[in-house]
Amino acid sequence: TDDNARALLVSALLEELGNEESLELSSRYLAFIWYAFNTKTGRFRNFMDYQRNWLEDGGSDDSHGRALWALGTVLGRSHMPALHSMAGRVFEQSLPAILGTTSPRAWAFALIGIHEYLGRFAGDRRASQVREELSTRLMTLYQNNRTDEWRWFEDRLTYCNAALSQALLLCGQSIPNNAMTEAGLESLTWLTTVQRSGAGHFVPIGSNGFYPRGGERARFDQQPVEVQGMVSACLEAYRVTNDPRWRKEARRAFEWFLGRNDLSLPIYDPTTGGCRDGLHPDRANENQGAESTLAFLQALLELRLAENTFLTMEAPTQ
């Protein structure tokens with residue numbers, strides 16, 4: 001379900017760029033997410049075996065949040081009525097359960113989806129209430145953990161870090177709440193500093209140990225999902241501030257896929273269209289999984305959509 005949610009989100013971005021095959025893709029991934037929803041628990045199941053049996057009654061908090069992110073994006077961006085009916089029903093039924101989760105990343109994923117959804121359905125009081133509750137939780141985490149030396153939501157940097165900052169930026173602008181906007185920008189600014197090498201290229205927090213406060217940061221294994229998250233968050237920071245340095249930060253992160261990284265090795269593979277699963281201390285991971293390939297595609301599509309918007313905004317008036 002987690003990967004199908006990523007694919008559904010990418011399909012929605014493809015539609016926005018005018019790809020004619022996106023409806024078929026979106027229908028397929030949305031059907032999987034619909035099938036994954038457990039009406040008895042209000043949660044999404046995540047893992048299915050090859051005989052199409054579900055392996056649990058409810059998946060992880062993060063998979064639930066990511067499904068809401070994808071559904072909200074379809075409802076907010078797609079112009080396909082056939083998708084809206086199904087996506088709307090699942091979104092409405094699955095939204096309450098996010099309040100019972102404990103993962104800050106699940107909250108952030110859901111908040112991004114709610115923001116997309118409210119962009120079209122601004123009068124939905126229930127969605128607005130969930131946004132208020134989850135954004136307050138994130139803000140409280142930040143206030144409780146932030147110091148001048150450690151400007152972050154938790155006592156360690158782990159995975160999908162930039163999504164936390166992005167969620168606060170979105171909420172700060174849409175609620176509106178200036179303190180959330182400031183916290184989103186401050187935390188993202190600090191994260192960009194932490195994830196920049198002395199040579200100037202992007203270095204995501206490694207998954208082999210992460211980075212506990214006061215401890216040693218893991219340099220490897222570097223994973224594509226961290227890069228996608230950074231691209232998305234920096235593009236949002238640019239929309240909020242209009243500061244061109246955020247466009248540069250988004251591009252700096254994306255160039256990691258193309259070889260501007262610690263080993264100067266390309267992670268994106270143009271011969272297959274896939275993306276390698278990560279960067280080890282001595283080599284790139286040759287496996288090209290769904291999560292990694294979709295992370296690359298999402299980052300690429302978001303950059304293209306953003307560049308189209310920037311060019312429109314910057315075009316001289318006649």
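R245 lies in helix 10 of this predicted model. The residue is partly exposed, because its relative accessible area is 33%, and that value falls between the 20% limit for buried and the 50% limit for exposed. From R245 to F257 there are 12 residues in sequence, and the distance in space is 20 Å, taken from C-alpha to C-alpha. The points below go on to salt bridges, a buried arginine, a pair of packed helices, and some particular features of the backbone.

**Salt bridges**

- The count of salt bridges in the model comes to 24, and three of them are described here one by one.
- The side chains of D2 and R6 meet in a salt bridge, with a distance of 2.9 Å from N to O. These two residues are separated by about one helical turn, because they stand four residues apart in helix 1, which covers residues 2-16. Both D2 and R6 are buried.
- D2 and R6 also belong to a network of salt bridges, in which they are linked with D3, R66 and E291.
- The side chains of E307 and R247 form another salt bridge, at 3.4 Å from N to O. This pair links distant parts of the chain, since E307 is in helix 11 (residues 290-314) while R247 is in helix 10 (residues 244-258), and the two are 60 residues apart.
- The two partners in that pair can be described by their accessibility: E307 is partly exposed, with a relative accessible area of 22%, whereas R247 counts as buried because its relative accessibility is 14%.
- R276 and E286 have side chains that meet in a salt bridge as well, again with an N to O distance given as 3.4 Å. Both residues are in the loop between strand 6 (274-275) and helix 11, where they are 10 residues apart.
- Within this loop pair, R276 is buried, with a relative accessible area of 13%, whereas E286 is exposed, with a relative accessible area of 54%.

**A buried arginine without a salt bridge**

- R131 lies in helix 6, which covers residues 125-145.
- Although R131 is buried, it has no salt bridge, and the nearest side chain of opposite charge, that of E132, is 5.9 Å away. That distance does not meet the rule for a salt bridge, because the rule asks for a side-chain nitrogen within 4 Å of a carboxyl oxygen.
- Which residues is R131 in contact with, once its neighbours within four places in sequence are left aside? They are L111, I114, L118, C171, S174 and I175.

**Helix 8 and helix 9**

- Two packed helices are described by the angle between their axes and the distance between the axes.
- Helix 8 (residues 178-194) and helix 9 (residues 224-241) pack at an angle of about 130°, and their axes are 11 Å apart.
- Helix 8 and helix 9 are therefore oblique to each other, because the angle lies outside the ranges that count as roughly parallel, roughly perpendicular or roughly antiparallel.
- The crossing of these two helices is left-handed.
- On the side of helix 8, the residues that take part in the meeting are T181, L185, L188, L191 and T192, and on the side of helix 9 they are M230, A233, C234, A237, V240 and T241.

**Cis peptide bonds**

- The peptide bond that runs from I175 to P176 is cis, and its omega is near -10°. P176 has its place in the loop between helix 7 (162-174) and helix 8.
- I175, at the start of that cis bond, is also one of the residues in contact with R131.
- A cis peptide bond is also found from F220 to D221, where omega is near -5°. D221 has its place in the loop between strand 4 (211-212) and helix 9.

**Positive phi outside glycine**

- R52 is a residue other than glycine, yet its phi has a positive value, near 65°. R52 is found in the loop between strand 2 (43-44) and helix 3 (61-77), and it counts as exposed because its relative accessibility is 64%.
- N242, which is not a glycine either, has a positive phi of about 60°. N242 lies in the loop between helix 9 and helix 10, and it is partly exposed, with a relative accessible area of 49%.

Definitions and conventions: Residues are numbered from 1 along each chain as its sequence is written. This is a predicted model: local features need pLDDT of at least 70, side-chain atom pairs count only at pLDDT 80 or more; totals for chains, interfaces and linings use all residues. Side-chain values use heavy atoms; hydrogens and water are left out. Buried means under 20% relative accessible area, exposed over 50%, partly exposed in between (1.4 Å probe, protein chains only). Lys and Arg count as positive and Asp and Glu as negative; His and the chain ends are not counted. Contact means heavy atoms within 4.5 Å. Axes are lines fitted to C-alpha atoms, for helices over the stretch in contact, and angles run from 0 to 180 degrees between N-to-C directions. Angles under 35 degrees count as roughly parallel, over 145 as roughly antiparallel, 65 to 115 as roughly perpendicular and the rest as oblique. A crossing is left-handed if the near helix is turned anticlockwise from the far one by less than a right angle, and right-handed if clockwise.
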